[in-house]
Every structure is written in C-alpha cells, then in structure tokens.
Amino acid sequence: MRKLNVPIEDAIDVFDICISKVQNTDLKERLENCKPSIVTAVADYTTKAPRIELHTIATHDLINGNVTSSEMKKVYSDRMVGATAPGRYIYDKWRASAPNNICPLCAQRTTETLEHHLPKSKYPIYSVVPVNIFPACSSCNKIKLDAISNARETEPIHPYFDNVEDELWLKAEVIELKPASLRFYTIKSDHWDDIKYARIENHFRLFELEKLYASHSGEELAMNYFRINRLFETGGALSVKNFLEDSWLSMKDANINSWQTATYEALFNSNWYQEGGFKP
Ligand SMILES: [Zn+2]
C-alpha cells in the first residue's frame, strides 16, 4: 500500500475533454447537463474520503435523472480508454503516475490499468472523476472488481487519502524448517485506532499479500544463497548477521513496510538462519 499524489486535473475539465467528440446532440446535451451533479459529487467525495465515509455515498443508476449508468460508463471506456479517444492522454498520464510504475495496492506488481476506488458500475457519476481513479496492476484490479464496503472498517485503503506508511504494520517471521521461508503478518501501531488497523488487515487479506510476499521473499532467499554461504564460510554467523542488518536498515530507510524490509528484519532476528538454517 503506497500513497500517491492526487491528480492535478479538474474533474469538469476531464469530463469536457472526454465528451468533446460526442456527435449525438441529445446525448451530448444530457451529458453536458450532468456537470453540476458531478461538481456536487466531487465535493461530497473529497469531504468524505478523509473521514473514511465514502461508504455512505449512495449507489445509483441514473445521473442527473436522465443519463444512464451505461452511458456514463461509456464516457470512460469509449472516450478515455479507447486508443484514439480524446481522453486517452489523461488515461496514459494517470496510468504512469505511480513512482516506478509500482501498484499502490500490492506495492509489488507494475501498474497496467486504472482502478476506480468507488466502482463505476455502482457509482457511475465517478467514472472519469480524477480523485476516484488511480493506477493499479491487473491482478489487484481483478481482485477488487465491484466490491463496495458498508462500514468504515471495510473501506479500502485509498492511495490519495490514506497514509499507511507512517507506522510499521508489516512484519515477517522465519519459518525455521528447511528450506527456510517466511510468513508475513500485520501488527497494530499504538498510534493507530482500531478502524485504521482493521482496514489494513482487510486490505492485506483481500489482496492476498501474505501469499504474494512469501513468494517473492522465497526468490530473494534463493538469490542470496551464494552470497550468504560465502559470508558464512569466511566469517561465520556474525558475518551473515552483519550483512542482514545492513540489508534490513537499507530497505527500512527506503520503505518501512516493504516485504523486503520485513524479510531482512526477520532474517536478522533469526539465529537459526544465520547459523546454517539458510542452507537448503
Ligand atoms: Zn497490485
């Protein structure tokens, strides 16, 4: 889970660009008339998101009384996503907006698509609203689909409004059985309330991060075997420990909640691993 900067684009500017080539005059007029409703909806969203109250926004089928959900969703799919769509450059810009193109939801895979925080199938008015759209990997996008929450505890982490990088929440422990592996889990910061932690736990479970991180850490252990074995043979367990500590501190400096940070902290704390447990 990584925080992203809110897009700088104005919701109505984006909407205007997307509908700029609508030929059907009736549809064009009905879409144009949606703009005041969109302005109100964006104000509601930006008020509620920091308060973790997005789940109180009602799902809807019609926008402004006469634009259907299907028509509004097409503003996104046909007029923003399409290869020659007028809004395509905005789509491309937003999709490339995450640092190193890393998905903010899993913090591991690369971004390939755009995710609607409030799904457009249930909240079509937010189909092309900037604060509701962020880049994500395809796997996280598929996992989330049209899921909506009905309580603060289950409200998904929002990359624009939530900061979960301020405290340590991701930990790992070495499973001391050969071959060595890691188990990842979450912890609650003393500075967090129960709702924030419940949301982290929910996110960790929903996006199957335990499995994802265990898989990548397993690869990391295999890739490090040669180096660790050589350190062990030349300087013993202490040399291994020193290397693990350096690695842990370096990863921690970059990101306290990455699986790499959790991995090296756990390895640093495992005498079993340093004393030969690293051998297959
Ligand atoms: Zn992802």
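**Exercise 1: the second largest pocket**

Find how much space lies in the second largest pocket of this predicted model, then work out what lines it.

*Solution.*
Step 1. Start with the volume: the second largest pocket holds about 190 Å³ of space.

Step 2. Now list the lining. Going along the chain, you meet Tyr76, Tyr91, Thr113, Leu114, Glu115, His116, Pro119, Lys120, Ser121, Asn141, Leu145 and Asp146.

Step 3. Which strand gives the largest share of this lining? Strand β3, residues 113–116, does, with four residues.

Step 4. Sort the lining by class. You should get five nonpolar, four polar and three charged residues.

**Exercise 2: the largest pocket**

Do the same job for the largest pocket: give its volume, its lining and the classes of the lining residues.

*Solution.*
Step 1. The space in the largest pocket comes to about 220 Å³.

Step 2. Look for the residues around it. Lys3, Leu4, Asn5, Val6, Pro7, Ile8 and Glu9 are among them, and the lining also includes Lys93, Trp94, Ser97, Pro99 and Tyr160.

Step 3. Sort them, and you end up with seven nonpolar, two polar and three charged residues.

**Exercise 3: the cavities**

How many cavities of 30 Å³ or more are there, and what lines the largest cavity?

*Solution.*
Step 1. Count them: there are four cavities of 30 Å³ or more.

Step 2. Pick out the largest cavity, which has a volume of about 70 Å³.

Step 3. Read off its lining: Leu54, His55, His117, Leu118, Pro119, Tyr123, Ala147, Ile148, Ser149, Glu155 and Pro156.

Step 4. Check the classes. Here you have seven nonpolar residues, three polar ones and one charged.

Step 5. Compare your lists. Pro119 is in the lining of the largest cavity, and Pro119 turns up in the lining of the second largest pocket too.

**Exercise 4: two packed helices**

Describe how helix α1 (residues 11–18) packs with helix α4 (residues 69–81).

*Solution.*
Step 1. Decide what you need. Two packed helices are described by the angle between their axes and the distance between the axes.

Step 2. Fill in the values: α1 and α4 pack at an angle of about 70°, and their axes are 10 Å apart. Angles of 65 to 115 degrees count as roughly perpendicular, so α1 is roughly perpendicular to α4.

Step 3. Add the handedness: the crossing of α1 and α4 is left-handed.

Step 4. Find who touches whom. From α1 come Val14, Phe15 and Cys18, and they meet Met72, Val75, Arg79 and Met80 in α4.

Step 5. Sort these contact residues, and you find six nonpolar, no polar and one charged.

Technical notes
Residues numbered from 1 in each chain as written. Predicted model: local features only at pLDDT ≥ 70, side-chain atom pairs only at ≥ 80, totals over all residues. Heavy atoms only, no water. Axes fitted to C-alpha atoms, helices over the stretch in contact; angles between N-to-C directions. Parallel < 35°, antiparallel > 145°, perpendicular 65-115°, else oblique. Left-handed = near helix turned anticlockwise from the far one by under 90°. Contact = heavy atoms within 4.5 Å. Nonpolar A, V, L, I, M, F, W, Y, C, P; charged D, E, K, R; others polar. 1 Å grid on protein atoms, 1.4 Å probe; cavity = no way out; pocket = protein on both sides within 12 Å on 5 of 7 lines; lining within 4 Å. Points joined across faces, edges and corners; volume = space filled by probe spheres on them.
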